[in-house]
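Biologist: Could you walk me through this model before I go back to the bench? I would like to go through it one question at a time.

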Amino acid sequence: MSTTITTKSDDSQSSEDFSQIYVTLYSTILLVLLISGRHAMSKKLLKKLYHYSRKRLWYALSKLDPRQIKFYGLRWGIPSKELKELMLYTDFIKHKKKRAYRHKKKLNKTVTLYRKMPLKMMSRAWGTINNLELPVVLRRPLIGLYVWMFDCKLNEAADPDLRNYKNLGEFFRRTLKPGVRTVNADHDLTSPADGRILHYGICKNGILEQVKGVTYSLKGFLGPLTWRGDIDDVNNLSDEEYHQKLKLKPGHELYHCVVYLAPGDYHRFHSASDWKISYRRHFPGDLLSVSPGIARWIEGLFNFNERVVYAGTWKHGFFSYTAVGATNVGSIRIYCDEELTTNHRDHGDRNNVRDACIIEGTEMGKSFQKGDMFGEFNLGSTIVLIFEAPRNFEFKVQTGQKVSYGQPLGYNRHVDLL
């Protein structure tokens, strides 16, 4: 069935563009009529029309004059009641687009103001306060108040006597009793820290999710691929092209997992797998909060914040382990990298990255085993794992799940557990 349509429009678009819109409109309306019948209820008609057009048609309709919709709708025998519903809905779409634009503009202004707050200075001050030695008589009530507020598991600490912690910073960095945590030996990947799973999954076309539906760029997060000997300017690459430059093995995918450490959690973090570090990159960045609420609010949050990326390899290929700073995290300390200093006033430009090669003795790279002590935060923050693995890799956690370090995160289905 074919139809020739001739229209006149004062709009600046060409007649060919309008013809394409009309063809989409009429073919969809005909499809709905064939499926639901000419005398279908208006809501049922609109529902099917929305379903089969897959949302795109509504935005095309919003560009048309209502008189054109009514004229051609009546020409095809659609009752005027259904056409009125259709025109009302297209008007709703126009207003919805305007509201979405205004909301996004307002949100961008709010985020810009938030980023301009002196959070780095506040975090340095907080770090200084945390390291002030408390009188013995005040240690139990003050640190005890913190334990009560954030539900810290004092019974798991190697030293449960609060009077033995000189300051709050020492309590943050407390060690655990031997045997409290067991590192799972049957799975390739284990949790690097006590915390909560914010998100996990496959990296698609160079885009990652920090929480469900809120994304950030792999290119912006990792930066230039200099550890692979690639010195090209990544700013000229699309996210998908950057993803391809990682040169994953055939049959492999790039996965990620985000673990959030709350203020009450154990603040040391450990190696998540057996792997070898060859490169470190430090992004000075901001120190915005990385709590789940803020992560849902600010898109690209992890790319804004100060972070330390450690890149290397594991049994399946590429592996990276990133400690992300946050508000009131006085510093990030990595035990194998004594040269690293974070949240320092002399770092200057937040975009000025600092790279270093990791060398152990005369060999390039440093090897870690699952569960090895890796570093510590001075307050809660986030660990991001980005790694290459076969397509049959399967996560054993759920979003929002509370995890402990050493707990299994994932494995190669039908391979690791045979």
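What follows is a friendly exchange of questions and answers about this predicted model.

Biologist: Let's start with the overall make-up: how many helices and strands does the protein chain have?

Modeller: Happy to. The chain has 418 residues, and 47% of them count as buried. Its accessible surface is about 22,200 Å², with 53% belonging to carbon and sulfur atoms. As for secondary structure, the count is 12 helices and 19 strands.

Biologist: Of the contacts with a separation of 6 or more, what share comes from residues 24 or more positions apart?

Modeller: An example helps here: serine 123 and threonine 327 lie 204 residues apart along the chain, yet their C-alpha atoms are separated by 5.9 Å. Across the protein chain, among contacts with a separation of 6 or more, the share from residues 24 or more positions apart is 74%.

Biologist: Is serine 123 buried or exposed?

Modeller: First its place: serine 123 sits in helix H6, which covers residues 119–130. Buried means a relative accessible area under 20%. The value for serine 123 is 0%, so this residue is buried.

Biologist: Now a strand: how many residues of strand E9 are buried?

Modeller: Strand E9 covers residues 317–324. It is largely enclosed by the rest of the structure, because the buried residues number eight of the eight.

Biologist: Which residue in E9 stands opposite threonine 313?

Modeller: Look at strand E8, residues 307–314, which runs antiparallel to E9 and is joined to it by eight bridges. The two strands form a hairpin, with two residues between them. Opposite threonine 313, in E9, stands phenylalanine 318.

Biologist: And in E16, what is the bridge partner of threonine 322?

Modeller: E9 also pairs with strand E16, residues 382–390. These two run antiparallel, joined by six bridges. The partner of threonine 322 in E16 is valine 384.

Biologist: Over how many bridges do E5 and E16 pair?

Modeller: Strand E5 covers residues 252–260, and one of its bridges to E16 links leucine 254 with glutamate 388. The pairing of E5 and E16 is antiparallel, and the number of bridges is nine.

Biologist: What is the bridge partner of arginine 196 in E5?

Modeller: Here we turn to strand E2, residues 195–202, which pairs with E5 in the antiparallel sense over six bridges. Within E5, the partner of arginine 196 is tyrosine 260.

Biologist: Why is E5 largely enclosed by the rest of the structure?

Modeller: Take histidine 256, which is found in E5 and counts as buried at 2% relative accessibility. Beyond its neighbours within four places in sequence, histidine 256 is in contact with residues including His199, Tyr200, Leu385 and Phe395. E5 is largely enclosed because its buried residues come to eight of the nine.

Biologist: Which strands stand at the edges of the open sheet E6-E15-E10?

Modeller: This sheet has three strands with antiparallel pairing. Each edge strand has a single partner strand, so one side of each is left without a neighbour in the sheet. Neighbouring strands are turned by 20° against each other on average, direction ignored. The edge strands are E6 (268–270) and E10 (332–334).

Biologist: Which residue in E15 stands opposite phenylalanine 269?

Modeller: E6 pairs with strand E15, residues 373–377, in the antiparallel sense over three bridges. The residue opposite phenylalanine 269 in E15 is glycine 375.

Biologist: In the open sheet E1-E19-E17, which are the edge strands?

Modeller: Three strands make up this sheet, with antiparallel pairing. Each edge strand pairs on one side only. They are E1 (189–190) and E17 (393–395).

Biologist: What stands opposite phenylalanine 395 in E19?

Modeller: Strand E19 covers residues 408–412 and pairs with E17 in the antiparallel sense over three bridges. Opposite phenylalanine 395 in E19 is glycine 410.

Biologist: Last one, at the surface: which residues form a nonpolar patch?

Modeller: One member, leucine 145, lies in helix H7, residues 136–150. Leucine 145 counts as partly exposed, at 44% relative accessibility. The patch has about 480 Å² of accessible area together, and its residues are Leu145, Trp148, Met149 and Phe150.

Conventions. Residues are numbered from 1 along each chain as its sequence is written. This is a predicted model: local features need pLDDT of at least 70, side-chain atom pairs count only at pLDDT 80 or more; totals for chains, interfaces and linings use all residues. Side-chain values use heavy atoms; hydrogens and water are left out. Two strands pair if DSSP finds at least two bridges between them. Helices (H or I, at least four residues) and strands (E, at least two) are DSSP runs, numbered from the N terminus. Axes are lines fitted to C-alpha atoms, for helices over the stretch in contact, and angles run from 0 to 180 degrees between N-to-C directions. Patches are made of residues with over 30% relative accessible area and no salt bridge: like charges are joined within 9 Å, nonpolar side chains (Val, Leu, Ile, Met, Phe, Trp, Tyr) within 5 Å. Accessible areas come from the Shrake-Rupley method with a 1.4 Å probe; for residues, only the protein chains shown count as cover. A salt bridge is a side-chain nitrogen of Lys or Arg within 4 Å of a carboxyl oxygen of Asp or Glu. Buried means under 20% relative accessible area, exposed over 50%, partly exposed in between (1.4 Å probe, protein chains only). Contact means heavy atoms within 4.5 Å.
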